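Please open the model in your viewer with the chain shown as a cartoon, and keep a selection panel at hand. The tour goes from one pocket to the next.

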Amino acid sequence: MLDAAAEAFMRRGFASTTLDDIADQVGATKGLIYYHFRSKFDVFLAVYEEGMRRARERVEPQAASGGSGRERLTAMSRAHLLNLMTDLAYHHAVHQGVRAQDSAELKIRQRDALSALNELRRDYERMFHRVMAEGMADGSLREVEGSLAARTLLSNLNAVDVWYRKIEGQPLEEVEELADRVVDLLIGGLAASPGDR
């Protein structure tokens with residue numbers, strides 16, 4: 001049900017998606033949706049939470065693995081990007097949730113629930129910031145403003161959803177190779193090293 005809802009929210013946006021759309025996607029009735037959720041917004045919150053759970057499940061082990069800060073940051077970025085590309089609909093839902101937080105149309109209960117989920121997202125961002133700081137301390141990353149660097153990196157990783165689209169039957173190896181190339185550009189940068197000249 002959450003997969004179907006995520007797809008519907010990605011294709012139509014939250015405002016244009018109806019519970020009938022989600023029920024049709026699942027092959028069920030709207031009553032089944034109401035059996036599990038009080039409202040469409042509650043479905044959306046469940047999709048957002050599942051999206052964050054999936055991302056964290058893939059990325060957090062990379063943050064705790066061995067290696068330099070740069071090696072762990074590279075592995076985290078790759079895991080984040082693979083999560084985005086394989087769970088694109090959930091990624092879109094998280095972004096819609098971030099943008100909707102200040103909406104005047106939300107009830108207090110909804111705004112509070114969304115705020116709590118956005119705090120999960122901020123905690124996720126802090127995990128990147130922490131590993132960047134460790135990389136600066138171990139000398140594997142250059143000294144930069146950590147929060148700016150973490151936000152810039154995640155913004156650029158997340159922007160892949162603007163142009164990336166799943167190709168039916170595409171081998172996972174091709175998706176992984178694309179993720180590696182994007183992460184190399186973002187962490188390695190465009191500047192040539194002295195030995196490349």
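How many nonpolar, polar and charged residues does the lining of the largest pocket have? In this predicted model, the lining of the largest pocket divides by class into 10 nonpolar, 4 polar and 3 charged residues.

To find the place, select Arg 142, Val 144, Ala 149, Leu 186 and Ile 187, which among the 17 residues lining the largest pocket lie nearest its centre. The space in this largest pocket comes to about 490 Å³.

Next, colour the helices α5 (69-86), α7 (108-138), α8 (146-158) and α10 (172-188), since each of them supplies at least two residues of the lining of the largest pocket. With these in view, turn to α8, from which the largest share of that lining comes, namely 5 residues.

Now move on to the second largest pocket, which holds about 380 Å³ of space. Select His 91, Val 94, His 95, Arg 121 and Asn 158, the closest to its centre of the 19 residues that line this second largest pocket.

Around the second largest pocket, display α4 (40-64), α5, α6 (88-100), α7 and α8, each of which supplies at least two residues of its lining. Here the helix to select is α6, which gives the largest share of the lining of the second largest pocket, 5 residues.

As a last step, colour the lining of the second largest pocket by residue class, where you should find 8 nonpolar, 7 polar and 4 charged residues.

Methods:
Residues are numbered from 1 along each chain as its sequence is written. This is a predicted model: local features need pLDDT of at least 70, side-chain atom pairs count only at pLDDT 80 or more; totals for chains, interfaces and linings use all residues. Side-chain values use heavy atoms; hydrogens and water are left out. On a 1 Å grid over the protein atoms alone, a cavity is a set of points where a 1.4 Å probe fits but cannot get out, and a pocket is an open set with protein on both sides within 12 Å along at least five of seven lines; lining residues have an atom within 4 Å of a point. Grid points are joined across faces, edges and corners, and a volume is the space filled by probe spheres set on the points. Helices (H or I, at least four residues) and strands (E, at least two) are DSSP runs, numbered from the N terminus. Ala, Val, Leu, Ile, Met, Phe, Trp, Tyr, Cys and Pro count as nonpolar, Asp, Glu, Lys and Arg as charged, and the others, Gly among them, as polar.
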